[in-house]
Amino acid sequence: MEALKLFKERINNHKEKLLSLASNSADIQAKYGPSLRHITPAVLAAYRFCYCRWIGSRAIGLGVDQKMHANKPYTNDERYKRILMSLEVLAKRMGIYDPFHQVNMWGDSFKIDGSLNSIASPMFMMKPGMQNKSECTPHESREPSGDDQENDKADSKVLRRQAQNREAARKCRQRKKAYVQQLETSRVKLVQLELEIEKAKNQGMYIRSAPDVSYMGSSGTMNPGITLFELEYGQWIEEQDRQNVELRNALQTHESDMQLHLLVESCLSHYSNLFRMKAEAAKADVFYLISGAWKTSVERLFLWIGGSRPSQLLHIIVPQLEPLTDQQIVRINNLRRSSQQAEDALSLGLDKLQQSLVHNIPSDPLVLGHYGFEMAAAMDKGEALEGFVNQADHLRQQTLLHMSRILTSRQAAQGLLAMGEYFHRLRTLSSLWTAQSCDPSFSTHLSN
Amino acid sequence: MHYQVESAAAAWSYLMRVRSMEEDQMERVLRLASQSAVVIFSVSSCCMCHAMKRLFCGMGVNPTVHELDQDPKGKDMERALMRLLGNGINSTAAVVPVVFIGGKLVGSMDRVLAFHISGTLVPLLKQAGALWL
């Protein structure tokens with residue numbers, strides 16, 4: 001505050017000088033010239049500042065009087081204004097003039113309007129030492145003065161700046177609007193996508209334990225045959241589980257052989273259904289079927305030409321059976337051997353198919369050009385693949401049928417239950433695995 | 001009129017020639033089939049035929065293989081085989097491989113697999129003299 005007082009004193013000193021000069025405007029150049037040498041830009045700013053204040057206070061005081069005397073030449077204010085202008089001229093001449101474009105505005109405008117605030121504070125920004133003065137930037141009253149010709153320049157500048165501000169504000173508002181609109185559209189899109197996903201999930205992608213629920217063909221479009229297959233397979237699984245429960249109950253309650261026989265027959269026909277479904281799916285998209293995408297991930301571990309190995313089926317079934325007769329053992333061994341041989345033969349055939357497919361794909365990568373002929377040959381191989389899948393399913397079905405013929409009804413029921421239970425556990429393991437991999441904190445300790 | 005009768009006669013004689021050719025081929029097929037214990041008619045590029053061949057070789061049987069694509073009259077033979085297999089085969093499905101055991105028609109791959117699983121293939125082979133164990 002002391003600095004403020006000191007500065008005020010200094011300003012008052014200079015103010016007196018200014019007043020005296022103002023009364024004798026003709027001598028300014030002569031008298032004031034030399035003393036202007038000591039005027040630093042900061043001091044000039046100080047002059048301006050106090051002149052502002054002074055004029056402001058005077059304008060408040062004079063107010064109406066000024067307007068009344070507006071027509072008089074060389075009113076006090078005019079005179080002061082002129083003084084200042086010449087001060088600037090002198091300063092320019094002496095090379096100490098601060099090319100601060102607002103000087104003109106300020107010099108011309110001794111109307112105390114809001115623009116003074118913007119003028120006064122930047123002026124004070126010039127000298128860092130006087131930063132504390134910026135706080136006491138006066139809130140001058142916004143008294144408009146009379147219309148003077150010299151004010152037009154200031155007016156125009158002020159108006160220009162105001163117009164620029166308006167322009168900038170308008171642009172800013174436009175940008176903000178555009179951004180908000182963009183956000184809105186993105187939000188709408190997000191909601192739409194979520195709806196689509198929901199729809200696709202419900203529409204027949206129902207696989208109970210498989211996490212990868214949506215099927216997209218290689219071209220990205222939905223294959224209706226495959227969609228149907230997935231839907232039916234989901235239902236098949238449910239039916240399978242229900243039949244498992246029935247078999248278990250029947251075995252535990254020691255039902256009659258006839259009952260068991262009927263159950264076995266229904267189970268076998270259920271499996272025939274599955275093979276029929278698979279044949280249809282193979283016609284729709286054989287690559288989908290052979291990839292095992294419709295099975296759960298753990299089941300896929302044991303995949304062999306679009307399903308499980310017949311020899312493995314035997315492996316699962318046989319240990320679960322009641323003591324077998326010797327003849328049964330012999331027959332089962334024969335069955336095991338022959339299914340193994342058939343499996344090997346089909347595997348070898350499939351290997352040859354793969355090799356021929358590789359050969360058919362254009363072997364010379366340097367040759368660019370259409371390879372329609374090779375692609376057509378490769379398409380034939382796709383049909384051959386369908387044949388292999390069908391033969392593999394046929395093998396599985398025959399194995400099951402023959403097995404049921406070898407065994408008694410009770411043994412067959414046990415075998416089918418064992419098989420159903422085995423696959424059910426594989427599916428459960430698969431879903432557990434998926435849950436664990438999705439959520440690492442998922443506890444694998446389950447009480448069954 | 002005369003011309004038409006002649007063309008009709010020409011068509012008829014053509015048909016008769018074709019029919020006889022086919023029958024020739026049928027006879028040829030049957031003749032070939034009975035020449036050996038196990039005869040497989042196949043196409044060299046067909047992979048299912050390859051699987052069939054490996055199946056029999058894996059069992060220890062030495063089949064006689066006739067490659068229809070390497071035979072000049074292969075097309076006719078294929079048609080004859082199609083007729084032998086019956087009307088169940090649609091025209092787009094592959095005819096081959098076809099197996100004859102002991103001169104008797106067994107059929108295509110699925111028949112062979114069914115016989116094998118049910119355990120009747122091995123006795124059949126033994127009966128035909130293809131297997132001795």
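# Chatting through a two-chain model

Me: Hi! Which residues does A:Ser338 touch, leaving out those up to four places away in sequence?
Reply: Hello! A:Ser338 touches B:His116 and B:Ile117, not counting residues up to four places away in sequence. Contact here means heavy atoms within 4.5 Å.

Me: Is this a predicted model, and how are things numbered and lettered?
Reply: This is a predicted model, where local features need pLDDT of at least 70, side-chain atom pairs count only at pLDDT 80 or more, and totals for chains, interfaces and linings use all residues. Residues are numbered from 1 along each chain as its sequence is written, chains are lettered from A and ligands numbered from 1 in the order in which they are written, and side-chain values use heavy atoms, with hydrogens and water left out.

Me: Where is A:Ser338 found, and is it buried or exposed?
Reply: A:Ser338 is found in helix α13 (residues 326-360) of chain A. A:Ser338 counts as buried because its relative accessibility is 5%. Buried means under 20% relative accessible area, exposed means over 50%, and partly exposed is in between (1.4 Å probe, protein chains only). Helices (H or I, at least four residues) and strands (E, at least two) are DSSP runs, numbered from the N terminus.

Me: Cool. How many residues does each chain bring to the contact?
Reply: Chain B brings 18 residues and chain A brings 22 residues.

Me: And what area do they bury between them?
Reply: About 1,600 Å² is buried between chain B and chain A, with 71% of it on carbon and sulfur atoms. Buried area is the accessible area (1.4 Å probe) that two parts lose on being put together, summed over both.

Me: How many salt bridges and polar contacts go across?
Reply: The rule finds zero salt bridges across the interface of chain B and chain A; a salt bridge is a side-chain nitrogen of Lys or Arg within 4 Å of a carboxyl oxygen of Asp or Glu. Between chain B and chain A, five residue pairs are in polar contact (both at pLDDT 80 or more). A polar contact is a pair of N or O atoms within 3.5 Å; within protein, one must be able to donate a hydrogen and the other to accept it, and residues adjacent in sequence count only if both atoms are side-chain atoms.

Me: Which helices of chain B supply residues there?
Reply: On the side of chain B that touches chain A, α2 (47-59) and α4 (109-117) of chain B each supply at least two residues. The largest share, eight residues, comes from α2(B).

Me: New topic: what is the secondary structure of chain B?
Reply: Chain B has five helices and four strands. From the N terminus on, its elements run α-β-α-β-α-β-β-α-α.

Me: How confident is the predictor about chain B?
Reply: The mean pLDDT of chain B is 84, and 89% of its residues reach 70 or more. pLDDT is the predictor's confidence in each residue, from 0 to 100. The model scores ipTM 0.83 and pTM 0.59.

Me: Which peptide bond in chain B is cis?
Reply: The bond from B:Val96 to B:Pro97 is cis, with omega near 5°. B:Pro97 sits in the loop between α3 (74-85) and β3 (98-101) of chain B.

Me: Last one: what is phi of A:His254?
Reply: Phi of A:His254 is near 55°, a positive value in a residue other than glycine. Most residues other than glycine have a negative phi. A:His254 counts as exposed because its relative accessibility is 60%.
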